[in-house]
Amino acid sequence: MEALIARIVELEKKKRQKFPNSPDKWFWTVEEVRLPPYKITELMNKGILMKSPVGYRLINFDQYAKTAETDGSTDLKTFNELLDMIVGYDDIKELLRSSLKATGLHVLFAGPPATAKTMFLEAVASLDGSMRVNGEATTKAGLKETLLENDIRYLVIDELEKMPPKDLTILLNAMESQQIVVTQHNKRTVKELNMNVYAAINRLDKIERSIPELKSRFMVLTLKEYTPEELLTVDYHVLTKMEGIEPTLAKQIALTLIKHGFKDPRDAKKVAKVVKTNPTVEFAEKVVQMLKRYS
Ligand SMILES: Nc1ncnc2c1ncn2[C@@H]1O[C@H](COP(=O)(O)OP(=O)(O)O)[C@@H](O)[C@H]1O
Ligand SMILES: [Mg+2]
């Protein structure tokens, strides 16, 4: 079974458990499953999904739920599907795939916004045994407690620069020693870890001087801002694959965005949402120019 459908089954299962007697609450939105619109069209055409004003649902939920149970691990498929949605970086994808078998291999993505750092982390976070913490959100339970209470194989941390120094110290020690040491009532216990850390940071240069260990503990991959040619490919991919814009129009929108100096593929997404209401080159030009005027 496709990993995508397995994901839908999981989601619907939760909704059905929560609202067993309200089938109208079993529908989900595209955002909830993070599906590119062309996939929805594909699944609708194949007669797998039904649509209502509030969202979509599997037509044969029971059948898919049964298959999902016997199918076993779908997480690796999801991981690969999420990697496939990233344009380029074939070498990094290969490294990530091999890293899954290693222990104590830590990867840090550094670089400017919109270079797919979070996309890479999301792929890893979809794996069984992974846990995702946000740099600033680690404080609540405390990183030490989190590592003690969970057997984490892949720890995923976005926005590492926001992690409190106390947690960062714990993290760097755990990464190197693959151990967590607890002293309670004068008794010292050690928990052995089997963990890789995958993290992302916007400005490594800002903190590498104060925390030199970062560079030595991690395999640092510094992603560069896209060249105009690369950006064109990425914008085109986002517009066609994620937003379902027709290829000729997508090419025009991508070119217009680049001509006006837009460097973030997220801008392509925003423009796509508006242009879908009137999918013409002229309207797309107008929207981009207006965005530029008020930026
Ligand atoms: N190489 C790429 N392939 C596909 N989409 C990309 C790529 N780079 C950026 N994007 C688009 O840009 C958006 C932002 O990417 P993200 O991973 O959040 O960047 P970062 O975390 O580096 O700021 C993504 O949602 C995606 O739509
Ligand atoms: Mg990010």
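How many helices and how many strands are there in the protein chain? The count is 15 helices and nine strands. Good morning, colleagues. Please keep in mind throughout that this is a predicted model.

Let me begin with the overall frame. The protein chain has 295 residues, of which 29% count as buried. Along the principal axes, its C-alpha atoms fill a box of roughly 70 × 50 × 30 Å. If we take contacts between residues at least 6 apart in sequence, 69% of them join residues at least 24 apart.

The chain is divided into three parts: domain 1 covers 3-72, domain 2 covers 76-222, and domain 3 covers 228-293. Between the centres of domain 2 and domain 3, taken over C-alpha atoms, the separation is 33 Å. The contact between these two domains involves four residues of domain 2 and seven residues of domain 3. On the domain 2 side, the touching residues comprise three nonpolar, one polar and no charged.

I turn now to the ligand. Where does ligand 1 lie with respect to domain 2 and domain 3? Ligand 1 lies between them, because both domain 2 and domain 3 give residues to the shell around it. That shell has 15 residues, and the closest are V87, A116, K117, T118 and P265. Three elements give two or more residues to the shell: helix 7 (117-125), helix 12 (228-242) and helix 14 (265-275). By character, the shell residues divide into nine nonpolar, four polar and two charged.

Two of the closest residues deserve a further word. A116 is placed in the loop between strand 3 and helix 7. A116 has a positive phi of about 80°, although it is not a glycine. Is A116 buried or exposed? With 22 other C-beta atoms within 10 Å, A116 is buried; the threshold for that class is 20 or more. K117, for its part, is among the buried residues of helix 7, together with F120, L121, E122, A123 and V124.

What covers the buried residues of helix 7? The cover includes two helices, helix 5 (75-84) and helix 6 (90-99). It also includes strand 3 (107-110), strand 4 (130-134), strand 5 (154-158) and strand 8 (196-201). An α-helix has 3.6 residues a turn, so residues three or four places apart point the same way.

Next, the interior. The largest nonpolar core has 37 residues, and those that touch the most other members are L108, I157, V197, Y198 and A199. At least two residues of this core come from each of helix 5, strand 3, helix 7, helix 8 (143-149), strand 5, helix 9 (165-177) and strand 8. Another core lies apart from this one; it has 19 residues, among them I245, A250, A254 and V275.

Two residues illustrate the packing. For L108, leaving aside neighbours within four places in sequence, the contacts are A199, I201, L214, F218, V220 and L221. L155 is found in strand 5. L155 is buried, because 26 other C-beta atoms lie within 10 Å. With neighbours within four places in sequence again set aside, L155 is in contact with M131, M195 and V197.

From L155 we can step outwards to T189: the two are 34 residues apart in sequence and 22 Å apart in space, C-alpha to C-alpha. This leads to the last topic, the hairpin.

Strand 6 and strand 7 form a hairpin with two residues between them. The two strands pair in the antiparallel sense over six bridges, and Q179 stands opposite E192 in strand 7. How many of the six residues of strand 7 are buried? The count is zero, and strand 7 is hardly covered.

The turn itself contains H185, which has a positive phi of about 45°. N186 is placed in the loop between strand 6 (179-184) and strand 7 (187-192). Phi of N186 is near 65°, again a positive value in a residue other than glycine. N186 counts as exposed, because there are 5 C-beta neighbours inside 10 Å, and the exposed class holds residues with 12 or fewer.

To close, I return to two residues with positive phi: A116 is buried, whereas N186 counts as exposed. Thank you for your attention.

Technical notes:
Residues numbered from 1 in each chain as written. Chains lettered and ligands numbered in written order. Predicted model: local features only at pLDDT ≥ 70, side-chain atom pairs only at ≥ 80, totals over all residues. Domains from an automatic or database assignment. Nonpolar A, V, L, I, M, F, W, Y, C, P; charged D, E, K, R; others polar. Near = placed C-beta within 6 Å. Helix = DSSP H or I, 4+ residues; strand = E, 2+ residues; numbered from the N terminus. Core = buried A, V, L, I, M, F, W, Y, C linked by C-beta atoms within 7 Å. Pairing = 2+ DSSP bridges.
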